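Biologist: Please put the model up, and I will ask why each label was given.

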Amino acid sequence: MTIESVLHLLGLIVVATPAVLLTALGLPFLMGIQLSETVQARLTKACVATGLLAAVAILGLMLLTGSRDVPIELGNWVSIEHDHEHFHFHLKFVFDRLSVPFVILSFVLCGTVGAFATVYLHREKGFGRFFLLYALFLLGMVVSSLAGTIETLFFGWELVGLSSALLVAYFHERPGPVRNGHRVWTTYRVADAAFLIAALTLHHLTGAGDFSGLMGSGAWPDGVAAIGSWQALAVGSLLLLAAAGKSGMVPFSGWLPRAMEGPTPSSAVFYGALSIHLGTYLLLRVSPLLDVSLPLRLAVIALGLVSAIFGTLASRVQSDVKNALAFASLAQVGIITIEIGLGLRYIALIHMIGHACLRTLQLLRAPSVLRDHQMLEDAL
């Protein structure tokens, strides 16, 4: 068995484990079968652990063999020909220096939040619904992280957005969470429209949605954009708008405090750790565009600067811990965006990983802060 075949098998395991979890939790839900909390927790832990081990094994093999780009092709799932133009949905995953750390981060933080939620939501009426949406989110994050084509990334991007909006409206008995979930979904629609137009523009310019067609030769971050300056500005501006909507940057920051209506575990993994960084991950993935378009680079830096300033000021006037942490996350996302605009790609990636871990810890600790303060007062 060759190294290439082992890497291919491990890659399929990484992608398949969240899909298996979603199926295992979703089918009984559709059939009206009530799984116990213990079974759901064990299924979640087993699938997350399997995916994480496979991703770490891929990282180890890539370091041993010196490989920096491992593509996994699953063929065309949709193929349309019209007026001598050809469109196809090509399912492709790429393991490289950007996707592997991010997918490992996704498994680690989702696993941590899943273990926390099994205790935090114990005997909650919507326990099964939470873990079903959690599995949908995990699948979306893994697909988005490993996407090798813009269509594959859009598919994962949509799964993340759908699960986010539904978990904001988790407590649907009250009108407030439902209204806020609708606000989040509406904002995501604007960002997704920009993303979709960018995907169609890319197909028109390069004839395919493969990122290698956009960034030319070379693995990340050494790729060189294969399109011209003005074309890069057009595609990049649309993707920047999509990233701003997904990461809650200015002018889309209004949904961030509303998103805190969801359970604390979903707030931690979405708006403190992973979902809020998905926009900056997109900018890192298409960062070679910035090298050929100075106006696009200046726009990225300006957006990051405005978002960082707004997030810093807004976080200091919040009366709620979760809202303060949400705007503090926005400030850090703005700084990460500035780093991307300045070409500091590895620093931005390390910043994303460190910030996601810190915010997860802080948001998971948020429900205990008041109790700990009262215990300290009693002890004194």
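Modeller: Start with threonine 206, which lies in helix α6; helices (H or I, at least four residues) and strands (E, at least two) are DSSP runs, numbered from the N terminus. This is a predicted model, where local features need pLDDT of at least 70, side-chain atom pairs count only at pLDDT 80 or more, and totals for chains, interfaces and linings use all residues. Residues are numbered from 1 along each chain as its sequence is written, and side-chain values use heavy atoms, with hydrogens and water left out.

Biologist: Why is threonine 206 called partly exposed?

Modeller: Buried means under 20% relative accessible area, exposed over 50%, and partly exposed in between (1.4 Å probe, protein chains only). Threonine 206 has a relative accessible area of 29%, so it falls in the class between the two limits. Its C-alpha is 8.5 Å in space from that of alanine 226, with their positions 20 residues apart in sequence.

Biologist: What is the average pLDDT of the chain?

Modeller: The average is 86, and 93% of the residues score at least 70; pLDDT is the predictor's confidence in each residue, from 0 to 100. Among the elements, helix α13 (residues 294-315) has the highest mean, 94, and helix α7 (residues 211-215) the lowest, 67.

Biologist: Why is the pair of phenylalanine 127 and phenylalanine 131 called tilted or stacked?

Modeller: Rings of Phe, Tyr and Trp (its six-membered ring) pair if their centres lie within 6.5 Å; planes under 30 degrees apart count as stacked, over 60 as edge-to-face and the rest as tilted. By this rule there are 12 aromatic pairs. The centres of phenylalanine 127 and phenylalanine 131 are 4.8 Å apart and their planes stand at 40°, so the pair is tilted. Both residues belong to helix α4 (residues 127-146), 4 residues apart, about one turn of the helix.

Biologist: What makes phenylalanine 127 and phenylalanine 131 buried or exposed?

Modeller: Phenylalanine 127 has 3% relative accessibility and therefore counts as buried. Phenylalanine 131 is at 0%, so it is buried too.

Biologist: Why does the pair of tyrosine 188 and tryptophan 255 get its label?

Modeller: The ring centres of tyrosine 188 and tryptophan 255 are 5.5 Å apart and the planes are at 70°, so this pair is edge-to-face. Tyrosine 188 is in helix α6 (residues 175-206) and tryptophan 255 in helix α9 (residues 255-258), so the contact ties together parts 67 residues apart in sequence. Tyrosine 188 is buried because its relative accessible area is 0%, and tryptophan 255 is buried because its value is 1%.

Biologist: Which residues form the aromatic cluster?

Modeller: One cluster is formed by Phe127, Phe130, Phe131, Tyr134, Tyr170 and Phe171.

Biologist: How do you know that a charge sits over the ring of tyrosine 170?

Modeller: The rule asks for NZ of Lys or CZ of Arg within 6 Å of the ring centre and within 35 degrees of the ring normal. The charged end of arginine 129 sits over tyrosine 170 at 4.6 Å from the ring centre. Lysine 246 lies over the face of tyrosine 188, at 4.1 Å from its ring centre.

Biologist: What makes aspartate 96 and arginine 285 a salt bridge?

Modeller: A salt bridge is a side-chain nitrogen of Lys or Arg within 4 Å of a carboxyl oxygen of Asp or Glu. For aspartate 96 and arginine 285 the N to O distance is 2.8 Å. Aspartate 96 lies in strand β2 (residues 85-96) and arginine 285 in helix α11 (residues 278-285), so the bridge ties together parts 189 residues apart in sequence. At 2% relative accessibility, aspartate 96 counts as buried, and arginine 285, at 4%, also counts as buried.

Biologist: How many salt bridges does the structure hold?

Modeller: There are 7. In one of them, the side chains of glutamate 173 and lysine 125 meet at 3.7 Å, N to O. Glutamate 173 is in the loop between α5 (150-168) and α6, and lysine 125 in the loop between α3 (99-120) and α4, so parts 48 residues apart in sequence are tied together. Lysine 125 has a relative accessible area of 74% and is therefore exposed.

Biologist: Where do aspartate 291 and arginine 345 lie?

Modeller: The two form a salt bridge with their closest N and O atoms 2.7 Å apart. Aspartate 291 is in helix α12 (residues 288-292) and arginine 345 in helix α15 (residues 345-379), 54 residues apart. Aspartate 291 is at 44% relative accessibility, so it counts as partly exposed, while arginine 345, at 9%, is buried.
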